[in-house]
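Hi everyone, thanks for coming. I'll take a few minutes to walk you through a chain that's new to most of you, so have a look at the screen first.

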Amino acid sequence: MQRHLISAADLTRDDAVLILDTAEEMARVADRPIKKLPTLRGRTIVNLFFEDSTRTRISFEAAEKRLSADVINFTAKGSSVSKGESLKDTAQTLEAMGVDAVVIRHGASGAPYRLANSGWIDAAVINAGDGTHQHPTQALLDAFTMRRRLVGRDAGLGRDLAGKHITIVGDILHSRVARSNVDLLHTLGAEVTLVAPPTLLPVGIETWPCEVSYDLDATLPKSDAVMMLRVQRERMNAAFFPTEREYSRRYGLDGDRMARMPEGSIVMHPGPMVRGMEITAEVADSDRCTAIEQVANGVSIRMAVLYLLLGGNEPAVTHTRTEEK
Ligand code: NCD
């Protein structure tokens, strides 16, 4: 595995399955009364968030604390300095403090790559979302959720998602979640279909390893998982569809549409959800929707990534005899 985690496309099948299997181990720690491992004691991790985040930031922090790392949170929004310069200055400050890993979210696509390859710092860099580019730990927690739900929790170890049909719906154009998921799901052997209005699909989509459809109703009956995406207005500078009502009618998931999905299939959402827009409250609150489960799984995945990038060769989890039985 590489020293940094910048893009889901950098992960081989074996890397990805190792992370998913390690996350299963980490998830067992969450079931204990004391949810803490000494693995990263004495290591310092900085969370560098230049863009808004609820789930991702809290989840990384929980993962770092559960592994006993020292955590520094840096939230920088709206710097007036040019992005390259401010990033370099910040990086050099972090380097001077001797950090072991930097978790970075940035509005500019490519910022984590720049940080990792600039020579400014020695630390491992983990991308927590950069512009419209990548969000690899989100794709990993989504794959973890799908493997548990669609392949089976116990049968899951060592397994990928071969032959599963995954549909990703909505604002693909602005979505780093969609890009990361297409890369990782392809690596794990799943068949991906993207559904969106033509205006919300990026140029060059035909080179992505997936199918494209404009017809949600035709795609639902053959989907094992349907991932709904938020329309990212903060990244839009023009009108991409006539009205919200029109968008919801064609690309939103409501109870009637969900009823057309196969038995045992799931509805996913990375959050934040805009209820009434891409998903109705009925669907969001149904048993099929894994949004909350995805958040819980995010902590296990981030523990696994941090452990594998920083933890060296020590075993992550030592199980007591009763747990092993
Ligand atoms: C997403 C993101 O920030 O890329 N959310 C997340 O990380 N859970 C998707 C979004 O903002 O809609």
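Let's start with contacts along the chain. Take the contacts between residues at least 6 apart in sequence: 77% of those join residues at least 24 apart. Keep in mind, by the way, that what you're looking at is a predicted model.

What is the chain built from? Twelve helices and nine strands. The radius of gyration is 20 Å, and the globule rule gives 20 Å for 325 residues, so this chain is as compact as a globular protein of that length. If you lay the C-alpha trace along its principal axes, it spans about 55 × 55 × 35 Å.

Now, inside and outside. How much of the chain is buried? Of the 325 residues, 55% are. The accessible surface adds up to about 14,500 Å², and carbon and sulfur atoms account for 49% of that. On the charge side, we have 39 positive and 43 negative charges, and their mean positions sit 3 Å apart.

Okay, let's zoom in on a few residues, going along the chain. S68 is in the loop that links α2 (55-66) to β2 (70-75). What's its phi? About 65°, so to speak on the positive side, although S68 is not a glycine. And is S68 buried or exposed? Its relative accessibility is 15%, and the cut-off for buried is under 20%, so S68 counts as buried.

Next stop, A162. You'll find A162 in the loop between α5 (136-151) and β5 (165-169). Buried or exposed, this one? A162 has a relative accessible area of 53%, and exposed means over 50%, so A162 is exposed. Which residues does A162 touch, once we leave aside its neighbours within four places in sequence? They are L188, G189 and A190. And if you look back to V151, eleven residues away along the chain, the C-alpha atoms of V151 and A162 are separated by 9.5 Å.

Last one: P272. P272 belongs to the loop between β9 (266-268) and α10 (281-284). Is the peptide bond leading from G271 into P272 cis or trans? That bond is cis, with omega near -5°.

So, three loops to click through on your own screens: the one with S68, the one with A162 and the one with P272. That's it from me, thanks!

Terms used. Residues numbered from 1 in each chain as written. Predicted model: local features only at pLDDT ≥ 70, side-chain atom pairs only at ≥ 80, totals over all residues. Heavy atoms only, no water. Helix = DSSP H or I, 4+ residues; strand = E, 2+ residues; numbered from the N terminus. Rg over C-alpha atoms; globule rule 2.2 N^0.38 Å. Buried < 20%, exposed > 50% of the residue type's maximum accessible area, 1.4 Å probe, protein only. Contact = heavy atoms within 4.5 Å. Areas by Shrake-Rupley, 256 points an atom, 1.4 Å probe, with all protein chains shown as cover. Lys, Arg positive; Asp, Glu negative; His and termini not counted. Charge placed at Lys NZ, Arg CZ, Asp CG, Glu CD.
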